Amino acid sequence: MALNFGKVAYSRSAGTPADFLRDGLPQFAFAGRSNVGKSSVINRLVNRKNLAYVGASPGKTTQINYFLVDDRAYLVDLPGYGYAKVSQAEKERWARLMETYFQDGADAITAGVLIVDIRHKPTENDRVMHSWFRESGCPEIIVANKIDKLKRSQVEPALALIRETLELTEEDILVPFSAEKGTGKEELIGLLNRACE
Ligand code: GDP
């Protein structure tokens, strides 16, 4: 039965590998650079205003947040990256946490959701995150967020640039999305449900 994304609760935060969840339930791992709208996308999926904290001062908390959906799967909010003002120590903490999450926890990832900004060419960090999802072997969904900020005629070229930069193939899934307007929500929910089958 399809997951009810309207039924959601905060589960836990993990700042160290000891706190990673490995209870066998499906995990949808959400990644993206700071300010790309990752919190907004998660909140849109679950119809909540502030489950994931929008506008959280970027880089202040290097931790993984788990939200339980319908008592049957987790939305995993991976810490954002690429915020210029973050200290070197914080960057290293982020890298260590991600490394262990992908090393020890990769088999727990049911689907990876990489959120990029439809207005911009994906960054080097986006490419690194994309390669981690690839190497983990999980299905990956690329979400091109903030589509409401583009004119209709700009959408196709923007999607093509993302495809080219991330070297996506025909089979790779790229979902145009707007956390602001709700565009792409049902498609993304459908894809996440399918990943669990
Ligand atoms: P995060 O750092 O990736 O979690 O990003 P946030 O969810 O905090 O969003 C960063 C900013 O982008 C906020 O001001 C949001 O309101 C805005 N934002 C997020 N998604 C969208 C979108 O789809 N369209 C528009 N226009 N703004 C968005």
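Contact here means heavy atoms within 4.5 Å. The model shown in these views is predicted.

**View 1. Helix 1 lies across four strands of the sheet: strand 2, strand 4, strand 5 and strand 6.** Helix 1 covers residues 38-45. Its direction runs at about 145° to strand 2, residues 27-32. Helix 2, residues 88-104, also packs on the sheet. Helix 2 touches strand 1, strand 2, strand 3, strand 4 and strand 5. Its direction makes about 45° with that of strand 3.

**View 2. The open sheet has 7 strands.** Their order is 1-3-4-2-5-6-7, and the pairing is mixed. Strand 1 (8-14) and strand 7 (173-176) stand at the edges. Each has a single partner strand, so one side of each lacks a neighbour in the sheet. From one strand to the next, the twist averages 25°.

**View 3. Strand 1 and strand 3 run antiparallel.** Strand 3 spans residues 64-69, and 6 bridges join it to strand 1. One bridge pairs R12 with Y66 of strand 3.

**View 4. The largest nonpolar core has 34 residues.** I64, L78 and Y101 have the most contacts inside this core. Elements giving two or more residues to it include strand 2, helix 3 (124-136) and helix 4 (152-165). Helix 2 gives the largest share, 5 residues. In general, nonpolar side chains of soluble globular proteins tend to be buried together.

**View 5. Y101 has contacts beyond its neighbours within four places in sequence.** Among these partners are F20, Q27, A29, I64 and Y66. V76, L78, A106 and I109 are also in contact with Y101.

**View 6. Another core, of 28 residues, lies apart from the largest one.** Its members include F30, V46, V69 and L192.

How values were computed: Residues numbered from 1 in each chain as written. Predicted model: local features only at pLDDT ≥ 70, side-chain atom pairs only at ≥ 80, totals over all residues. Heavy atoms only, no water. Pairing = 2+ DSSP bridges. Axes fitted to C-alpha atoms, helices over the stretch in contact; angles between N-to-C directions. Core = buried A, V, L, I, M, F, W, Y, C linked by side-chain atoms within 4.5 Å. Buried < 20%, exposed > 50% of the residue type's maximum accessible area, 1.4 Å probe, protein only.
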